[in-house]
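Q: I have a model open and would like to go through a few places in it with you. Could we start with single residues and then move on to the helices?

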Amino acid sequence: MPFQDFLKAVEPLAQRYPRDSVIVAITGGEPLLRPDLAECGKILRNKGLRWGIVTNGMLYDETMHAKLTAAGLSSITVSLDGLEATHNWLRNHPESFRRALRALRLIARTPGLAYDVVTCVHQRNFSELPRLKELLVENGIRNWRLFTISPIGRAAHDDELQLSRAQVEQMMRFIAETRRENRICLTFSCEAYTGKYEEQVRDTYFFCRAGINIGSVLIDGGISACPNIDRTYVQGNIYRDDLLDVWDNRFQIMRDRAWMRSGMCQKCKDFKQCLGGAMHLRPEAKGIILRCYNFRNGGMEG
């Protein structure tokens with residue numbers, strides 16, 4: 001997408017909201033493939049919008065680090081999906097692990113830069129989590145998040161990327177134990193409500209912010225919420241609609257989630273806390289949920 005198209009759409013945000021209260025998270029694909037990324041970021045910062053990126057770290061070296069921080073980069077997330085062989089297998093590149101770790105070492109020693117490491121947990125790296133934790137601690141990394149790989153997109157057809165119920169519950173216990181150690185700040189992602197583990201694996205209770213605190217502009221101009229949710233939830237398009245008007249007057253399917261109280265959620269005692277789970281696990285607004293992580297009610301159903 002031409003940057004000017006995106007800028008035209010989001011400029012009204014800078015005019016309505018206080019300076020620094022809106023963060024533009026540039027994700028992909030891979031944002032570092034944009035040769036104008038630093039220039040785009042600098043313009044956003046000058047407009048009063050904070051900005052950050054989600055990256056695989058492949059192109060993040062000392063030169064890139066200097067360019068982006070000089071352009072006002074305020075936050076960065078780097079993917080590290082296991083120890084070297086496992087990470088490189090998932091990312092399909094022999095240099096991916098080394099370069100991601102290089103990026104993390106640069107980032108961790110930069111004062112004022114908010115960052116974290118995200119790890120997508122699957123069959124191949126599940127047993128590596130304790131060693132991966134030690135690696136991160138040794139390299140001065142303080143913030144780490146774990147995801148499971150949701151059964152959407154290509155991952156829906158790859159059993160090697162999916163964990164069993166027992167493995168997910170073991171992962172919850174690993175997160176809780178690591179948080180008690182307090183050597184690294186580890187959290188479970190915004191992926192789903194976890195029932196009895198909520199107070200042990202997060203700083204705050206689960207709440208899916210899609211369409212409430214989070215909106216997105218997709219590569220084709222589509223106006224949606226979290227870019228991980230199904231494209232049937234697109235609410236408009238910047239090439240024909242005003243972004244603020246769409247934000248103010250649409251998104252009701254995400255802001256009133258009473259429709260989620262159906263199917264397996266209909267009689268759940270935790271519905272008031274969960275509100276039907278994460279939007280990305282709802283392929284369409286028909287009461288279907290792909291997976292439930294509520295371990296008070298059994299978990300991993302759907």
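Q: Is Asp 20 buried, partly exposed or exposed?
A: Bearing in mind that this is a predicted model, Asp 20 has a relative accessibility of 31%, and because buried means under 20% and exposed means over 50%, Asp 20 counts as partly exposed.

Q: And where is Asp 20 found?
A: Asp 20 lies in the loop between helix H1 (3–16) and S1, and its phi is near 75°, a positive value in a residue other than glycine.

Q: Which loop holds Phe 251, and is that residue buried or exposed?
A: Phe 251 sits in the loop between helix H9 (243–249) and helix H10 (252–255), and with a relative accessible area of 0% this residue is buried. Its phi is positive, about 65°, although Phe 251 is not a glycine.

Q: What about the peptide bond from Gly 28 to Gly 29, cis or trans?
A: That bond from Gly 28 to Gly 29 is cis, with omega near 10°, and Gly 29 belongs to the loop between strand S1 (23–26) and helix H2 (37–46).

Q: Changing topic to H7, what span should it have?
A: Helix H7 covers residues 165–181, and at 1.5 Å a residue its 17 residues should span 24 Å; the C-alpha atoms at its ends are 25 Å apart, which agrees. After H7 comes Asn 182, which has a positive phi near 65°.

Q: What do the buried residues of H7 pack against?
A: They pack against strand S4 (114–121), helix H6 (129–138), strand S5 (143–148), strand S6 (185–188) and helix H8 (198–201); among the buried residues of H7 are Met 171, Phe 174 and Thr 178.

Q: At what angle do H6 and H7 pack?
A: The angle is about 30°, and the axes of H6 and H7 are 11 Å apart. Since angles under 35 degrees count as roughly parallel, H6 is roughly parallel to H7. The contact is made by Leu 129, Pro 130 and Lys 133 from H6, together with Met 171, Phe 174, Thr 178 and Glu 181 from H7.

Q: Which residues have the most contacts inside the largest nonpolar core?
A: Within that core of 82 residues, they are Leu 44, Trp 51, Tyr 60, Leu 68, Trp 144 and Met 171. Helix H5 (residues 96–108) gives the largest share of this core, seven residues.

Q: Which residues does Trp 144 touch, leaving out those up to four places away in sequence?
A: The residues that Trp 144 touches include Leu 129 and Lys 133, as well as Phe 174.

Terms used: Residues numbered from 1 in each chain as written. Predicted model: local features only at pLDDT ≥ 70, side-chain atom pairs only at ≥ 80, totals over all residues. Heavy atoms only, no water. Helix = DSSP H or I, 4+ residues; strand = E, 2+ residues; numbered from the N terminus. Expected span 1.5 Å × (residues − 1). Buried < 20%, exposed > 50% of the residue type's maximum accessible area, 1.4 Å probe, protein only. Contact = heavy atoms within 4.5 Å. Core = buried A, V, L, I, M, F, W, Y, C linked by side-chain atoms within 4.5 Å. Axes fitted to C-alpha atoms, helices over the stretch in contact; angles between N-to-C directions. Parallel < 35°, antiparallel > 145°, perpendicular 65-115°, else oblique.
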